[in-house]
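Work through the exercises below with the structure open. Each task is followed by a solution in steps.

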Amino acid sequence: MSQATAAGILGTGSALPDKVITNFDLEKMVDTSDQWITERTGIKERRQAAPCDYTSALCIRAGREALKRAGVEPRELDMIICSTISPDMPLPATAAFIQHGLGARNIWSFDLAAACSGFLFGMTLADQFIRSGRTRYVLVVGAELLSRFLDYQDRSTCVLFGDGVAAGVFGPVSPPAGILATEMHTDGQYAGHLYIPAGGTVRPATCETVKARQHYIKMKGNELFKVAVRSLEDVSRRVLESAGITVDQLDLFIPHQANQRITDAVRERLGLKPDKVFSNIDRIGNTSSASIPLCLDECARSGRLKKGDLVLMSAFGAGVTWGAALMRW
Ligand code: UT7
């Protein structure tokens with residue numbers, strides 16, 4: 001295979017569960033209010049998967065849609081990357097179910113656990129493999145059914161997260177289109193700020209861990225908030241600089257949808273006008289690694305993203321991980 005000069009997104013797709021959980025629904029479950037959630041996060045509602053739903057089933061739906069839009073057959077795929085922290089099961093990888101369900105060849109398919117930054121981590125890998133000529137088409141899926149890991153007695157987390165899946169088919173594109181720059185990071189010193197204590201090798205599942213509600217997401221939200229704003233601003237600036245692009249040249253900024261206040265703070269620090277920033281957090285909440293591809297899919301379908309547009313994406317999440325990617329659509 002010859003070396004491609006650029007890699008880009010050829011098509012996107014998404015799958016959102018039908019069930020909507022509003023802030024008013026949550027008022028009935030925990031000591032919270034629509035006013036608090038709206039003012040502190042910007043979230044009004046989020047989706048929740050039905051008990052019969054599972055991660056790979058939604059990934060297959062989103063993947064099929066992305067492939068159709070890209071004009072790529074499942075058997076043409078060379079790699080599947082599933083970014084998720086809410087897999088079907090600990091073993092095997094959710095990507096194996098996606099590969100089989102899509103009817104792809106026996107290609108390299110694996111899961112990637114980088115939480116909210118996962119789609120950008122996957123995008124960076126796809127970019128490298130496509131540009132090297134090693135692969136032609138890569139399906140990257142950002143998939144989370146976080147409601148399965150939420151403690152509906154913990155108001156500090158259950159109001160924030162939602163379920164959703166979105167996918168992108170990456171392949172060779174002709175410059176000036178394509179991924180212009182990416183930069184990814186991890187700093188494990190903050191690992192304890194957002195984690196699920198039990199169910200792994202440190203604390204295997206027992207009746208006691210279940211009783212102690214240790215299989216649910218725990219978060220130190222305000223500690224993360226400060227690191228998030230600083231990291232997102234820094235990495236966004238560095239990616240722009242490495243591509244020789246100024247903030248004024250950007251057509252669209254898609255930040256990870258963790259909190260509208262984080263988005264606003266980063267936007268202000270970068271000096272971006274509000275109309276250049278996309279947000280769907282009011283309707284979708286925080287869907288971790290599905291957040292950025294859900295935004296991309298929505299923007300692509302609505303015409304908010306047009307051919308030639310310069311789009312900057314940046315994300316921050318558990319690990320902690322963070323990163324940014326700049327792309328010409
Ligand atoms: O996507 C992955 C990365 N995640 C993030 O980056 C999340 C970043 N953090 C945040 O978005 C915000 O910190 C939160 C939305 C999680 C919390 O907002 P905050 O303004 O930082 O609130 P806080 O944690 O400092 O809590 C303030 C008060 C507390 O009460 P006291 O101690 O002041 O009496 C909390 O108990 O708000 C209380 N509180 C709530 N009240 C009503 C916390 N959650 C709720 C709630 N409803 N749902």
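**Exercise 1. Strand β1 and its partner**

Task: In which sense do β1 and β7 pair, and over how many bridges?

Solution: The structure is a predicted model. In it, β1 and β7 run in the antiparallel sense and are joined over eight bridges. To locate the pairing, start at Ala-7, whose bridge partner in β7 is Pro-172. Next, look at the surroundings of β1, which covers residues 7-15: eight of its nine residues are buried, so the strand is largely enclosed by the rest of the structure.

Now take one residue of this strand, Thr-12. Its relative accessible area is 4%. The cut-off for buried is under 20%, and Thr-12 therefore counts as buried. The Thr-12 side chain has a polar contact of 2.6 Å with the side chain of Asp-297.

**Exercise 2. Aromatic pairs**

Task: How many aromatic pairs does the structure hold, and how are the rings of Trp-108 and Phe-110 arranged?

Solution: There are three aromatic pairs. For Trp-108 and Phe-110, the ring centres are 5.4 Å apart and the planes stand at 40°. Planes under 30 degrees apart would count as stacked and over 60 as edge-to-face, so this pair is tilted. Ring pairs also link Trp-108 and Phe-110 with Phe-129 in a cluster. Trp-108 is partly exposed, at 45% relative accessibility.

Repeat the steps for Phe-119 and Phe-170. Their centres lie 6.1 Å apart with planes at 45°, so this pair is tilted. Phe-119 belongs to helix α5 (residues 118-132) and Phe-170 to strand β7 (residues 163-172), so the pair ties together parts that are 51 residues apart in sequence. Both Phe-119 and Phe-170 are buried.

**Exercise 3. The ligand**

Task: Which residues come nearest to the ligand, and how much of the ligand's area does the protein bury?

Solution: The ligand is surrounded by 23 residues, of which Thr-32, Arg-40, Arg-155, Asn-259 and Asn-286 come nearest. Then check polar side-chain atoms against oxygen atoms of the ligand. For Asn-259 the distance is 2.7 Å. For Arg-261 it is 2.9 Å, and for Asn-222 it is 3.1 Å. Finally, the ligand taken alone exposes 940 Å², and the protein buries 72% of that.

**Exercise 4. A four-stranded sheet**

Task: What is the strand order of the open sheet of four strands, and which strands stand at the edges?

Solution: The order is β8-β13-β12-β11, and the pairing is mixed. The edges are β8 (178-186) and β11 (252-255); each has a single partner strand, so one side of each is left without a neighbour in the sheet. On average, neighbouring strands here are turned by 10° against each other, direction ignored. At one edge, β11 pairs with β12 (residues 310-317) in the parallel sense over four bridges. Phe-253 is opposite Leu-312 of β12.

**Exercise 5. Backbone exceptions**

Task: Where is the residue Pro-92, and what is the peptide bond from Leu-91 to Pro-92?

Solution: Most residues other than glycine have a negative phi, and most peptide bonds are trans. The bond from Leu-91 to Pro-92 is cis, with omega near 0°. Pro-92 sits in the loop between β4 (79-83) and α4 (94-102). The bond from Gly-319 to Val-320 is cis too, with omega near -5°, and Val-320 is in the loop between β12 and β13 (321-328).

For phi, Ser-288 has a positive value near 50°. Ser-288 lies in the loop between α10 (281-284) and α11 (291-302) and is buried, at 2% relative accessibility.

Notes:
Residues are numbered from 1 along each chain as its sequence is written. This is a predicted model: local features need pLDDT of at least 70, side-chain atom pairs count only at pLDDT 80 or more; totals for chains, interfaces and linings use all residues. Side-chain values use heavy atoms; hydrogens and water are left out. Rings of Phe, Tyr and Trp (its six-membered ring) pair if their centres lie within 6.5 Å; planes under 30 degrees apart count as stacked, over 60 as edge-to-face and the rest as tilted. Buried means under 20% relative accessible area, exposed over 50%, partly exposed in between (1.4 Å probe, protein chains only). Helices (H or I, at least four residues) and strands (E, at least two) are DSSP runs, numbered from the N terminus. Two strands pair if DSSP finds at least two bridges between them. A residue is near a molecule or strand if one of its heavy atoms lies within 4 Å of it. A polar contact is a pair of N or O atoms within 3.5 Å; within protein, one must be able to donate a hydrogen and the other to accept it, and residues adjacent in sequence count only if both atoms are side-chain atoms. Accessible areas come from the Shrake-Rupley method with a 1.4 Å probe; for residues, only the protein chains shown count as cover. Axes are lines fitted to C-alpha atoms, for helices over the stretch in contact, and angles run from 0 to 180 degrees between N-to-C directions.
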